[in-house]
Amino acid sequence: RSVPKTNVSITLGWNAPTVPLECQDVISDLAESSYTIRYWESSLGNGTAETLLTDDEEILIPNLIPFTLYTFQLKAENFWNRGTGNYSTQISVISSEGVSSPPRNVTVATVSVPTKMNVSWIRPESPRGDVKGYVVLYRNESSSAWISTPEVRSESVLVAVRPEAEYFFKVAAGKGA
């Protein structure tokens, strides 16, 4: 079982291995398992694996990168197989979306109409999720209120401005519909 808890953590859970029938008479402490979990960012390969140890049947994996595919494996050990257990089949889980880095190379250019400016940008380097569109905020130098454009799906937009005035612009990546 795996559940993304936050955009930087995932909880893994599993069922304890069953004790062989011929060993059920032995003291129960000998049947208790400990677990080794190894995981890695899938795109980097298992040579970069991190390892965690626990005696519980659930563990929180912290400090992950948002919206990143991770691969996990589990190995159970107890009195009968100490040091000889094999890792489970790999499972892959994507961590939840996070806050996007800002769009890059924002540029503002005049167009042939003196009351319009073209604002353009490049997609964020680390979107940390599925960017659905962009919002452009701008304000006149004499105003403290930002004006917001409707969300756009492209990487440029025309905005209405007053001729001969100075403007400030911001662009943000959106995850909304």
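Here are a few friendly notes on this predicted model, in numbered points.

1. Let's start with Thr-54, which belongs to strand E4, spanning residues 50–54. Is this residue buried or exposed? Thr-54 counts as buried because its relative accessibility is 12%, and the cut-off for buried is under 20%.

2. The surroundings of Thr-54 are worth a look in your viewer. Leaving aside residues up to four places away in sequence, Thr-54 touches Trp-14, Ser-34, Tyr-35, Ile-37 and Ile-59. A polar atom of the Thr-54 side chain also lies 3.0 Å from the backbone nitrogen of Asp-56.

3. Next comes a sheet. Three strands make up an open sheet, ordered E11-E10-E13, with antiparallel pairing. Strand E11 (147–148) and strand E13 (167–174) stand at the edges; each has a single partner strand, so one side of each is left without a neighbour in the sheet.

4. Within that sheet, strand E10 (residues 133–140) pairs with E13 in the antiparallel sense over eight bridges. If you would like a pair to find on screen, Arg-139 has Phe-168 in E13 as its bridge partner.

5. Finally, the pocket. The largest pocket has a volume of about 160 Å³. Its lining includes Tyr-39, Trp-40, Glu-41, Leu-44, Pro-62 and Tyr-70. Which strand gives the most to this lining? That is strand E3 (residues 34–41), with three residues.

6. As for the chemistry of the lining of the largest pocket, its residues divide into seven nonpolar, two polar and two charged. Glu-41 and Glu-50 are among the lining residues, as are Thr-48 and Asn-63.

Technical notes:
Residues are numbered from 1 along each chain as its sequence is written. This is a predicted model: local features need pLDDT of at least 70, side-chain atom pairs count only at pLDDT 80 or more; totals for chains, interfaces and linings use all residues. Side-chain values use heavy atoms; hydrogens and water are left out. Helices (H or I, at least four residues) and strands (E, at least two) are DSSP runs, numbered from the N terminus. Buried means under 20% relative accessible area, exposed over 50%, partly exposed in between (1.4 Å probe, protein chains only). A polar contact is a pair of N or O atoms within 3.5 Å; within protein, one must be able to donate a hydrogen and the other to accept it, and residues adjacent in sequence count only if both atoms are side-chain atoms. Contact means heavy atoms within 4.5 Å. Two strands pair if DSSP finds at least two bridges between them. On a 1 Å grid over the protein atoms alone, a cavity is a set of points where a 1.4 Å probe fits but cannot get out, and a pocket is an open set with protein on both sides within 12 Å along at least five of seven lines; lining residues have an atom within 4 Å of a point. Grid points are joined across faces, edges and corners, and a volume is the space filled by probe spheres set on the points. Ala, Val, Leu, Ile, Met, Phe, Trp, Tyr, Cys and Pro count as nonpolar, Asp, Glu, Lys and Arg as charged, and the others, Gly among them, as polar.
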